[in-house]
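Biologist: I am new to this structure and would like a close look at a single part of it. Please choose one place and explain what surrounds it, then put it in the setting of the whole.

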Amino acid sequence: MDPMFLAYSYFRRRKYQKCDEICSQLLEKNPYDQSAWALKTRALTGQVYVDEVDVDEEGIAEMVMDDNAIATVARPGTSLRKPGTGQGLPSQGVRPVTNSGRPVSGFVRPGTQSGRPGTMEQAIRTPRTAHTARPVTSASGRFVRLGTASMLSTPDGPFINLARLNFSKYAARPNLAKALFEYIFHHENDVRNALELASLATEACQFKDWWWKVQLAKCYYRLGMFRESESQLKSAIKQQEMIDSFLYLGKVYVRLDQPLRAVDIYKQGLEKFPGETTLLTGIARIHEGLNEMDDAVKFYKDVLHFDNMHVEAIACIATHHFYTDQPEVALKFYRRLLQMGVYNTELFNNLGLCCFYAQQYDMTLTCFERALSLADDTTSGDVWFNIGHVALGIGDVNLAYQCFRMSLASNNDHAEAYNNLGVLELRRGHIEEARAFFQASFVLAPHMYEPHYNFAALADQLGDLQSSYNAAKRAVDAYEGHVDSKELIQQLKQHFTLL
Amino acid sequence: MSLFKTRDWWSVAIGEDEEFDHGCLCIGNIDNNPDNVDKIIIGSFHGILRIYNPHPTKTENGWSGYKVEDVMVEQAFQLPILQIEVGKFSSVTENLQLAVLHPRKLAIYSVKAISGTVEHGQQYQIQKLYEHNLQRTTYNFCYGPFGGIKGKDFICVQSMDGTVSFFEQESFAFSRFLPGALLPGPLKYVPRLDSFITVSSSWHVECYKYQSIAAASQSPGVDETQNIKSGKKIVVDWTFSIGEAALDINVIAFPQAPSSILVLGERNLYCLTEGGLLRYMSKMEFDPCCFLPYGSMTEGTINYIVATTTKSLLVYQDVTLKWAAKVEHCPVQVKVANFQDLKGSIVTLSDDGHLQCSYLGTDPAIFIPPATDARDLNYKAMDAEMEKLQKKIREKAHKAVITPNLKTDDDLQITVHVNQHLDDGSSATNDAQIPGEKVPSITARIVLKAKTLVENIHVDIHTSRPLTSSQHSFTLSSLESGKSTELLVQFYMKYCSLPSTLSAEVSAKYPSATGAPRVATAKIKLPLKLVMKPVFPVKNAEHKLTIDTNKPPVSLNDIFPDLLGENAGSAGAALGFQFFGGPVVTILASKSSQRYRLQCDQFEAMWLPLKDLVGRLTSHLNRGRSGDFKASFDGSLPLQEYFELIEAHFEYRMNAVKCEEMLGQRASQFRVIQRRLLTKFKDKTPSPLQNLDTLLEGTYRQLLALADAIEDNNQAQNNTSDNLSSGTNLLNYLIKLWLDLTEEEFSVLTSVITPIVNDNHQHGWEEMVDAAVTHLLRTVLAKTAKDTSINPAPLTIPSDASKVKKHIALMCDRLGKGCRLIEGLRERSEHKQKLPAPKKMNITENGTINETPESRPVDNIVNMKYNENKKKKKLPPLAGDNISTNMFDSETFGLPVTDIPDGDNFNEKRRQKKIEAIVPNLDDMDNQDDDRNINQTDSQALFAL
């Protein structure tokens, strides 16, 4: 059996480790074996490959060093930074929001977690949670991890010494250059060298290969040069319309905070590739980010028309139904996910909640039991919180109290649990404890309006009108439409004028 | 992710440890049976060829599955089988033959049936028709009616280096190089175009016409051989860049569908027209393994099955997912075959040899979650447990702070013996940072004794500044039960400041038998002679303290036998000690009265000698008798001196804050400049730097200088902290002697005015002590009920130290008035109250301090600001001046008179000036123009990508 054939066969079957071993042996025998060299670069790349479209973590460094001028006061509904009031979405009182003011999504993606701090100081000062000692840091951390993984696989130094590579020589050889580029970009994570190779290569093929233009755009994107990235992608699309090009261009516009333009690009892509689920999902995500839930759900439904196994679409639609008072419908979607083989804490937790609100009490506790048995440290806090919620619903205050305590035991940053504990303490007449809990809650999660309002109401009763007024103001800041807070402010203002 | 799974019709696991890859599975009516039923042909990398004819029968329990009769042929070759195909490879007949590709050989076989008398008596034979030996290692081959010849299949073999060799059945035709080949790709023949489609290493789909390949011979006259070295470049018909390597290619020639070429890439699926234009593509969110197109019922669409590494089969119609089904294994090749009882069965082969014939159905892919702890519920026991837990919770809920139970039976015991004498050769010579002194060291023997086997013992030795030990930590791998081990440690003074305590701590960390971490500790008492040396007594000193006793005086020589030095021959009325690198303390013993006096130029330095003196007197005079020795202090408290220490310490703290503020400013300035520079460099058209680089460098230097200043300040602050700590100890001790406090009260006092001076960014000593003293004043020391409101303010660094001084003075005053530090103790007797308290001290009788503005001393305490203005006109007589001059019958009580004689503003300015002085001036940087230019060009080169 020819070792080269065997290595290639392993590569086809995605057994990269074995392929890499055989190639290393071949290269030891003959260091100039080009095909073994090319195969090894590809095997090493395959081990760490992550689709660049999906990598979208925006870190502090990117935000602060980003000097692309973006309108700070955008018209409502045209910016992801300041999501519009949104039509057709349930109010904040029903559907909770993240700290960037967007409603909680049904599906965790890169970028849904972190907010966008304005300045370095603010970013550093953001509360550290029990889970991360550092504020949500940049993508670079993630990329560095990918890079270090690659170093491990080659204990005696990197496979290719990029500093000694003659890029112009390799750029002229299209059959080597592409694999080499992917190696540099994905495995070595050396964007600058990748960019150099790509620019030489695109020149070498007289700017006739769209692929190199897309790669150039990827590099520019990583380097934060979005306008250059945009122009490369546009040129690539002009030459040859490919799905990836549209996706990258959409991503560039999202980063430039032009969501509507991104939607246009995705739609343009859909004209060429009707029914492409990745493009449809892109549109749906943007609508979700803009608080346009109805549109988002419409596109998620389109996605399901073409790919009815799309987990993200199902989860997002289910979440929408849950928060629009249709727990039965949401239950159906979640059940489908369960049938498809999704088996994790989050799903059982959601199933439990849907069952509870759909008055299928017999299933509720079983679901939560499963959720707890699957939960790890990061999720058990949420599960306990939800069980506490259910306990409140059936009027078992003691159980609720203990559930919230459990939630805090597993995650002592659980602001919602603090808030609810505060309410329970207040019912028991422990005013000082309640105050402390509310305070802890709104310090941890300033984007939630409930602790602010609770604190304001409590302070009002205690006669601490000034703090009451301040807290009520914060509540209205967090949630403009909160009637109770507004009434409280009105009342306090009247009181102040009387004084 | 799929709802359903495939329904198993027939399956078999082939061989043991045999490997298969794409190409090893082939479907065809290989025995040319007239009923036209497909057979499954499998060849493995181990060289075994197998032909199956599955015909399971339906039973009550479903299909009967694999039977031995299903195997038609099983034959082992010596060579690995890379690919097998069925086609019309014989020039003699139109029957189907089997082509088998080995690494260096291509062989054609025919399969013949020899019928027996019964069904299972039928035999099959494999007969070699012809074979071609190949010069190069092969990769794959394709076949077809090249050149449009009807009813015959020619073969094109691709080798690992990208050479294609053509065989017109039994004869070799020619070999050609494919241009730019590095790693071979899938190869397919398109009959309609008479062309070959492949995906090259440059990730292009390439189409070559058969004619142009054939015509590209080097020179017409030369005979064609396989062993070619060079050749003309073959002209490509069209190319299409897909930007990824391809796994497989299929050519569509179905009647309802437009003829097209499907290419399965590593991440996408492409559908191209025969002219090389993209019809559609589909981005996959999974890793595909292989695919198979098949005819669709709907006009104009193509159906195809994609198998994924997630073990599922996905059926697409163009880009729409129609069906998803789970399979048992991850297939390397998928085919559709027509069998006797089942038309259109899906045949899959996995790389470890699982062959499966299945069909799609609505059997749910049931994932059975593991059962959660299903046990019989014993309600009675549960209720009991619940009750118990509830009770526990209720109990715990009352106690907010849950204190851990201390267990006394430690597995490890530490005992420490300190040597009587100082070490002969000091081990401090290299390490100590005290100039001009030979610092002695003392050795302590630490004995660890284990009751049970203890492993992983980590021994730490803590000393407080300026003392240090020769080694700070030990690690012992294990200690057997009943055994003990000894560690020797030398202690000595390292820094040139006053020690506040003469004890060190040893702690041993070890895991107990259950794995819980345990700590054992022991204290080491070090002798005074470690830090002081005897010198001649000094007559006059700035600060003096007098201690009264109730016993006749003793000769100092008797009680300090180890610290006499040159004073050994004297009368024993005076002894002098000097701290290494520090001040001299003189102890005087009165000949007639029962008093001892300490004097020193530095107030806080008297702490250790005083403590030692009282300790030694107690042990000397109480020897053998009941302990009725008592020392007392009835001079005025040296508050003034103490406050100076606080002031000094506080100033360094303020300095530190100032420096850090400036550092913060400079750092943000640095960032701003960096950002401006970055924008400039990123600009496409280079613009002048406008001296930003000079600014950057200047700011950088300022940063460095500031950091140095902070470091220096820290050093100084540490020294003053030590002094303050000593001073605090002394003050507390004096208060104890003065008021004859019980041990309990003394511990309250030391925890309130804590001698542990540990500053950090959040809170420092001053505000902590202030908060503690204020708390005392508001609780046990409160005069009226009005005082007792508790409203703790947040701990922030105060703007000056006057408040804490005021409160300490007030506390001392109240203590002097007979208040007790612990509630419930009876008021102290009157004479005690009167003795230290001066007559004019009627300030605090009324409780709140602000209520007696007419009293002068109160002004001193309360209204510092107001007082400052006053003082400039007329300095009041300082109460502190009286203390030292009239020590034996002094009546004045050391009240704080003023904190800073030269005013706050001046101090502020001085501080600022000091900081500014450290920071280099930007103007000084002009002479470095050359540097700047170099920098500039460098950085431009860096960013000019």
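Modeller: What follows starts from one residue of chain A and then widens to the repeats, a helix pair, the chains and their interface.

The model is predicted, and the residue chosen is Ala415(A), which lies in helix H22 of chain A, a helix spanning residues 415–428. Is Ala415(A) buried or exposed? A residue counts as buried if 20 or more other C-beta atoms lie within 10 Å of its own. Ala415(A) has 21 other C-beta atoms within 10 Å, and it is therefore buried.

Which residues does Ala415(A) contact once its neighbours within four places in sequence are left aside? They are Ser441(A), Leu444(A), Ala445(A) and Met448(A). For one of these, Leu444(A), the separation from Ala415(A) is 29 residues in sequence, while the C-alpha atoms of the two are 5.8 Å apart in space.

The UniProt record helps to place this residue. An unreviewed entry carries the annotation "repeat: TPR" for residues 243–276, 345–378 and 415–448 of chain A. In the model, residues 415–448 of chain A are 82% helix and 0% strand, and the C-alpha atoms at the two ends of this span lie 9 Å apart. Residues 243–276 of chain A can be described in a similar way: 79% of the span is helix and 0% is strand, with the end C-alpha atoms 8 Å apart.

Another part of chain A shows two helices meeting. Two packed helices are described by the angle between their axes and the distance between the axes. Helix H3 (residues 34–48) and helix H8 (residues 174–188) of chain A have axes that come within 9 Å and cross at roughly 35 degrees. The crossing of H3(A) and H8(A) is left-handed. On the H3(A) side, the residues that meet H8(A) are Ala38(A), Thr41(A), Arg42(A), Leu44(A), Thr45(A) and Val48(A). From H8(A), the residues taking part include Leu176(A), Ala179(A), Leu180(A) and Tyr183(A). Taken together, the residues of this contact between H3(A) and H8(A) divide into 7 nonpolar, 4 polar and 2 charged.

As a whole, chain A has 26 helices and 0 strands. Of its 499 residues, 44% are buried. Among contacts in chain A with a separation of 6 or more, 50% involve residues 24 or more positions apart.

Confidence is not even along chain A. The mean pLDDT of chain A is 82, and 82% of its residues reach 70 or more. Over residues 113–119 of chain A the pLDDT stays under 50, and the model has 17 contacts beyond four places in sequence for this stretch. Residues 121–153 of chain A also have a pLDDT below 50, with 46 contacts beyond near neighbours in sequence.

Chain B has 15 helices and 44 strands. Of the 945 residues in chain B, 37% count as buried. In chain B, 62% of the contacts between residues at least 6 apart in sequence join residues at least 24 apart.

Where the two chains meet, 41 residues of chain B are in contact with 40 residues of chain A. On chain B, strand S23 (278–283), strand S27 (320–326) and helix H5 (639–682) each supply at least two residues of the side that touches chain A. S23(B) gives the most, with 4 residues. This side of chain B divides into 23 nonpolar, 14 polar and 4 charged residues.

Notes: Residues numbered from 1 in each chain as written. Chains lettered and ligands numbered in written order. Predicted model: local features only at pLDDT ≥ 70, side-chain atom pairs only at ≥ 80, totals over all residues. UniProt positions renumbered as here; feature names shortened; annotations may be inferred. Axes fitted to C-alpha atoms, helices over the stretch in contact; angles between N-to-C directions. Left-handed = near helix turned anticlockwise from the far one by under 90°. Contact = placed C-beta atoms within 7 Å. Nonpolar A, V, L, I, M, F, W, Y, C, P; charged D, E, K, R; others polar. Buried ≥ 20, exposed ≤ 12 C-beta atoms within 10 Å, placed from the backbone. pLDDT = per-residue confidence, 0-100.
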